[in-house]
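Biologist: Please take a close look at one part of this protein for me. I would like a single connected account, with the surroundings included.

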Amino acid sequence: MTDTSKNLSQVIRERMKADKKRFWAGDNISEYLDENAKQKLIDEATEAFELVLDRLLIDQETDPNSKGTARRLAKMYFNEIMAGRYEPAPDATSFPNDSADRYEGMLVVRSELRSMCSHHHQPVVGVAYIGIIAAQHLIGLSKYTRIAQWCARRGTLQEELANEIAREIQKATGAVDLGVYIQATHGCCENRGIMAHSSLTQTTVLKGAFKDDMGTKKEFFDNIKMQQEFAPR
Ligand SMILES: [Zn+2]
C-alpha cells in the first residue's frame with residue numbers, strides 16, 4: 001500500500017485478483033478490509049457517487065435534499081444494504097446436541113429478509129423459512145436469522161440467496177438435512193420494468209431428507225403453512 005497514486009479500492013481489487021478471490025456482488029470480502037479501510041472506501045465511494053449525481057445533472061450545491069446524498073449513499077451501501085459483503089460471518093456458537101434428551105425433531109425458523117437485486121440495485125423484501133433436522137450441534141434461534149440477514153445484505157439473486165443461506169446454515173450447524181424456502185417481492189418488478197405490484201417470487205432449496213423423504217418434505221411445508229397463518233405475509 002505504498003503506491004499513493006492508487007485509491008484503496010483499486011489496491012484491494014488487485015489483491016483479490018492476485019489471490020483469485022471472487023468479488024461478485026453476492027460475495028463476502030470481509031477478510032480484505034478492516035474498519036479503517038472501510039472508512040477510507042466510504043470516502044472514495046462518496047467521490048464516485050458525487051460524480052454519478054453530476055452526470056445525472058442533479059445540483060448538489062443548491063438542492064438542499066441532494067447535498068450530502070453522495071455520502072449518504074456510500075455509507076448506506078457499506079453499512080446497510082451491502083453490509084453482508086464487508087462484515088465477517090455472525091458468531092454462531094454451537095451447543096452440543098448429544099445428551100440423552102437431545103432434540104431430534106424438525107426446527108423451522110422464519111426470518112425476515114431485506115436484500116437487493118444485483119441487476120438493478122432494487123430492494124428485495126421477503127421472508128425465509130429455514131428448516132433443519134437437528135444434528136450434533138444446535139445454534140441459538142436468533143442465529144438463523146442473523147446468518148440469513150448476513151447473506152441477504154448483499155447484491156443477490158433470489159435463487160443464489162437461497163443456496164447461500166442453505167450453505168451457511170449447513171456450515172454453522174453441521175446439519176445435512178435442511179430446507180430453505182424464500183418468498184419475496186422485488187423492487188425490480190414493482191418500480192421499473194413490468195411495474196407489477198404484489199409480484200411474489202418463491203425459491204426453494206432442499207437437501208438430504210428434505211429432498212429425498214416425502215414425509216420430511218411435507219412436514220417442512222406444513223410447518224411453513226402454519227407459520228404463514230400465524231404471521232401472514
Ligand atoms: Zn433487478
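The account below starts from the metal site and works outwards.

Modeller: A caution before the details: this is a predicted model. Take the zinc ion as the part to study. Three side chains coordinate the zinc ion: C117 through SG, H120 through ND1 and C188 through SG. The distances run from 1.8 to 2.3 Å. Along the chain the donors are spaced as C-x2-H-x67-C. Water is not among the atoms, so the site may look incomplete.

Two of these donors can be placed by exposure. C117 counts as buried, because its relative accessibility is 5% and the cut-off for buried is under 20%. H120 has a relative accessible area of 37%, so H120 is partly exposed.

Another histidine deserves a look. H137 sits in strand β4, which covers residues 137-139. With a relative accessible area of 36%, H137 is partly exposed. Leaving out neighbours within four places in sequence, H137 is in contact with S94, F95, P96, N97 and T173. A distant reference point is S5: H137 and S5 are 132 residues apart in sequence, and their C-alpha atoms are 49 Å apart.

One of those contacts, T173, leads to helix α6. This helix takes in residues 158-173, 16 residues in total. At 1.5 Å a residue α6 should span 22 Å, and its end C-alpha atoms are 22 Å apart, so the two values agree. Many positions can be named as buried in α6: Q158, L161, A162, E164, I165, A166, E168, I169, A172 and T173. T173 is thus on two lists: it is buried in α6, and T173 is in contact with H137. Just after α6, G174 takes a positive phi of about 75°.

Now the setting. The protein has 9 helices and 7 strands. Its C-alpha trace spans about 65 × 45 × 25 Å along the principal axes. Of its 233 residues, 41% count as buried. Among contacts with a separation of 6 or more, 67% join residues 24 or more positions apart. The accessible surface is about 13,300 Å², and carbon and sulfur atoms hold 53% of that surface. As for charge, there are 31 positive and 33 negative side chains. The centres of these two sets lie 2 Å apart.

Terms used:
Residues are numbered from 1 along each chain as its sequence is written. This is a predicted model: local features need pLDDT of at least 70, side-chain atom pairs count only at pLDDT 80 or more; totals for chains, interfaces and linings use all residues. Side-chain values use heavy atoms; hydrogens and water are left out. Helices (H or I, at least four residues) and strands (E, at least two) are DSSP runs, numbered from the N terminus. Buried means under 20% relative accessible area, exposed over 50%, partly exposed in between (1.4 Å probe, protein chains only). Contact means heavy atoms within 4.5 Å. Accessible areas come from the Shrake-Rupley method with a 1.4 Å probe; for residues, only the protein chains shown count as cover. Lys and Arg count as positive and Asp and Glu as negative; His and the chain ends are not counted. The place of a charge is taken as NZ of Lys, CZ of Arg, CG of Asp or CD of Glu. The expected span of a helix is 1.5 Å times one less than its number of residues. Donors are N, O and S atoms within 2.8 Å of the metal (3.2 Å for Na, K and Ca); water is not among the atoms, so sites may look incomplete.
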